[in-house]
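Subject: Structure for you to look at

Hello,

Here is the structure I said I would pass on. My notes follow below it.

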Amino acid sequence: INYNLVKFTMSAGTAEQLPNNDRPEIAFVGRSNVGKSSLMNKLFGRKDLVKVSSKPGKTTTINFFAIGGMDFVDLPGYGYARVNATEKQRWDNLMDGYFEGERNIKLVVALVDIRHDASPLDAQMIGYLESLGHPYAIAFTKADKLSHSRGVAQARLLREQLCVDESVRSVLVSSLKGTGIDDLKKVIEERLNF
Ligand code: GTP
Ligand code: MG
């Protein structure tokens, strides 16, 4: 995958705005502020193609980035407490529209913060992906916040807490330091059969 060729293509704020897509897609999901947009920038080798913020709830639309014949998809984060019921409903419809639509989702990268215990929302998201049969991998983010050995131990614990099947790949990543980015690229490319 030539990540240098990445181009922003479009944003969808409602399920109706989602493009019909039979191109292979790699999607990024996780709690607000877990580091989805930062990780995509790091993969693309770009500083700010994907908008990042220290405030949770930055990404509120589904954003598509094309690389060659495939798309990388940044999804709005879940679990941000300060959104009202209308906004929460929009989010639910948008996410369901995405994951339950007719698409060619090759891999969902589910991001989980390495520093915290698994949240019920993370467990729910993974259960949702499993129930829909979407292949997924886990990226444990912000690995720079823990020592390597603590990170590895915490990743093992989180896999247990989230009841992740042994066959599911997981990687420890840091967008800040660049750790694990090549490992994640390998996981993505294996799924795309390169
Ligand atoms: P939403 O769009 O709100 O869902 O958030 P997001 O998951 O896209 O997170 P984003 O990439 O915007 O990053 C959130 C915050 O975490 C920012 O302040 C980033 O600088 C910080 N951050 C992201 N990745 C890392 C990392 O690897 N290490 C550290 N230490 N901080 C990170
Ligand atoms: Mg974001």
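How many bridges join S5 to S6, and do these strands run parallel or antiparallel? Six bridges join S5 to S6, and the two strands run parallel. Please keep in mind that this is a predicted model.

The sheet

S5 and S6 belong to an open sheet of seven strands in the order S1-S3-S4-S2-S5-S6-S7, with mixed pairing. Strand S1 (7-12) and strand S7 (170-172) are at the edges; each has a single partner strand, so one side of each is left without a neighbour in the sheet. On average, and ignoring direction, neighbouring strands are turned by 20° against each other.

Going through the pairs, S1 is joined to strand S3 (residues 62-67) by five bridges, and these two run antiparallel. Phe-8 has Phe-65 in S3 as its bridge partner. S3 and S4 also run antiparallel and are joined by five bridges, with Phe-64 partnered by Val-73 in S4. S3 and S4 form a hairpin with two residues between them, and Gly-68 in the turn has a positive phi of about 55°. S2 and S4 run parallel, joined by four bridges; here Glu-25 stands opposite Asp-71 in S4. In the pairing of S5 with S6, Asp-113 has Thr-141 of S6 as its bridge partner.

Two of these strands deserve a remark on burial. Four of the five residues of strand S4 (residues 70-74) are buried, so S4 is largely enclosed by the rest of the structure. The same description fits S6, where five of the six residues are buried.

Helices

Helix H3 (residues 120-132) packs on the sheet and touches strand S2 (24-30), strand S5 (104-113) and strand S6 (136-141). The direction of H3 makes about 165° with that of S5.

H1 is largely enclosed by the rest of the structure, because eight of its nine residues are buried. Lys-36 and Lys-42 are among the buried residues of H1, as are Ser-37, Ser-38 and Asn-41. The buried list also includes Leu-39, Met-40 and Leu-43. Their cover includes S2, S4, S5, S6 and helix H5 (181-191). Just after H1, Gly-45 takes a positive phi of about 65°.

The ligand

What surrounds ligand 1? The shell has 24 residues, and the closest are Gly-35, Ser-37, Ser-38, Thr-59 and Gly-77. Helix H1 (residues 36-44) supplies the largest share of the shell, three residues. By type, the shell divides into 14 polar, five charged and five nonpolar residues. Ser-37 and Ser-38 therefore appear twice in these notes: they are among the closest residues to the ligand and among the buried residues of H1.

The core

In soluble globular proteins, nonpolar side chains tend to be buried together. The largest nonpolar core here has 41 residues, of which Phe-28, Ala-110, Leu-111, Ala-139 and Phe-140 touch the most other members. S5 gives the most to this core, with seven residues. Leaving aside residues up to four places away in sequence, Phe-140 touches Val-112, Ile-114, Ala-155, Leu-158, Ser-170, Leu-172 and Val-173.

Loops

Most residues other than glycine have a negative phi. Two residues depart from this: Asn-33, with a positive phi of about 80°, and Cys-163, with a positive phi of about 55°. Asn-33 lies in the loop between S2 and H1, and Cys-163 in the loop between helix H4 (148-161) and S7. Is each of them buried or exposed? Asn-33 is buried, because 21 other C-beta atoms lie within 10 Å, where 20 or more are required. Cys-163 is exposed, because 11 other C-beta atoms lie within 10 Å and the limit for exposed residues is 12 or fewer.

Asn-20 is found in the loop between S1 and S2. Asn-20 is exposed, with 7 other C-beta atoms within 10 Å. The C-alpha atoms of Asn-20 and Tyr-98 are 10.0 Å apart, while the two residues are 78 residues apart along the chain.

Regards

Terms used: Residues numbered from 1 in each chain as written. Chains lettered and ligands numbered in written order. Predicted model: local features only at pLDDT ≥ 70, side-chain atom pairs only at ≥ 80, totals over all residues. Near = placed C-beta within 6 Å. Nonpolar A, V, L, I, M, F, W, Y, C, P; charged D, E, K, R; others polar. Pairing = 2+ DSSP bridges. Axes fitted to C-alpha atoms, helices over the stretch in contact; angles between N-to-C directions. Contact = placed C-beta atoms within 7 Å. Core = buried A, V, L, I, M, F, W, Y, C linked by C-beta atoms within 7 Å.
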